[in-house]
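Trainee: I'm new to this one. Could you walk me through how its helices pack and how we justify the words we use for them?
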Amino acid sequence: MPQAPMCRVYDRQLLAKVMERSGTGARLTARDLASLTSLPLGTVGALLSGEQRFLPREKAERIAQVIGVDLLILFVPCERAGRSFVDATAPTSEAVPA
């Protein structure tokens with residue numbers, strides 16, 4: 001069975017900062033975000049503390065939607081076609097066209 005596409009938190013401090021003044025204009029606590037996204041409070045806390053860096057894409061999309069920002073502001077998609085789970089911070093040997 002194929003693994004669900006994953007996303008990596010771009011920057012946990014940015015996530016916390018955006019929660020302070022979300023795109024909706026409201027301040028969100030970890031408890032608010034957990035409730036509005038139907039995620040366990042422990043998962044939200046782990047994302048904010050850096051204990052957890054990866055999340056299924058559908059959950060990352062839900063967080064971004066609730067906060068009111070684009071997914072790519074908060075998360076880096078980590079799966080590419082034909083490859084499983086890639087850490088987006090790892091250097092690649094692929095040449096970048098000029």
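Mentor: Gladly! This is a predicted model. Let's begin with helices H2 and H3, whose crossing is right-handed.

Trainee: Which residues make that contact between H2 and H3?

Mentor: From H2 come Ala30, Arg31, Leu33 and Ala34, and from H3 come Leu41, Val44 and Leu48. Sorted by type, the residues of this contact are six nonpolar, no polar and one charged.

Trainee: Why are H2 and H3 called oblique to each other?

Mentor: Their axes cross at roughly 125° and come within 8 Å. Roughly perpendicular covers 65 to 115 degrees, and roughly antiparallel needs over 145. An angle of roughly 125° fits neither range, so H2 and H3 are oblique to each other.

Trainee: And what makes H1 and H3 oblique?

Mentor: The reasoning runs along similar lines. H1, residues 12-20, and H3 have axes that cross at roughly 120° and come within 7 Å. Since 65 to 115 counts as roughly perpendicular and over 145 as roughly antiparallel, H1 and H3 are therefore oblique. Arg12, Leu15, Ala16 and Met19 of H1 meet Leu47, Leu48 and Ser49 of H3. That contact divides into five nonpolar residues, one polar and one charged.

Trainee: Why does Thr43 count as buried?

Mentor: Thr43 has 17% relative accessibility. Buried means under 20%, so Thr43 counts as buried.

Trainee: Where is Thr43 found, and which residues does Thr43 touch, not counting those up to four places away in sequence?

Mentor: Thr43 is in helix H3. With residues up to four places away in sequence left out, Thr43 touches Gln52 and Leu55.

Methods:
Residues numbered from 1 in each chain as written. Predicted model: local features only at pLDDT ≥ 70, side-chain atom pairs only at ≥ 80, totals over all residues. Heavy atoms only, no water. Axes fitted to C-alpha atoms, helices over the stretch in contact; angles between N-to-C directions. Helix = DSSP H or I, 4+ residues; strand = E, 2+ residues; numbered from the N terminus. Parallel < 35°, antiparallel > 145°, perpendicular 65-115°, else oblique. Left-handed = near helix turned anticlockwise from the far one by under 90°. Contact = heavy atoms within 4.5 Å. Nonpolar A, V, L, I, M, F, W, Y, C, P; charged D, E, K, R; others polar. Buried < 20%, exposed > 50% of the residue type's maximum accessible area, 1.4 Å probe, protein only.
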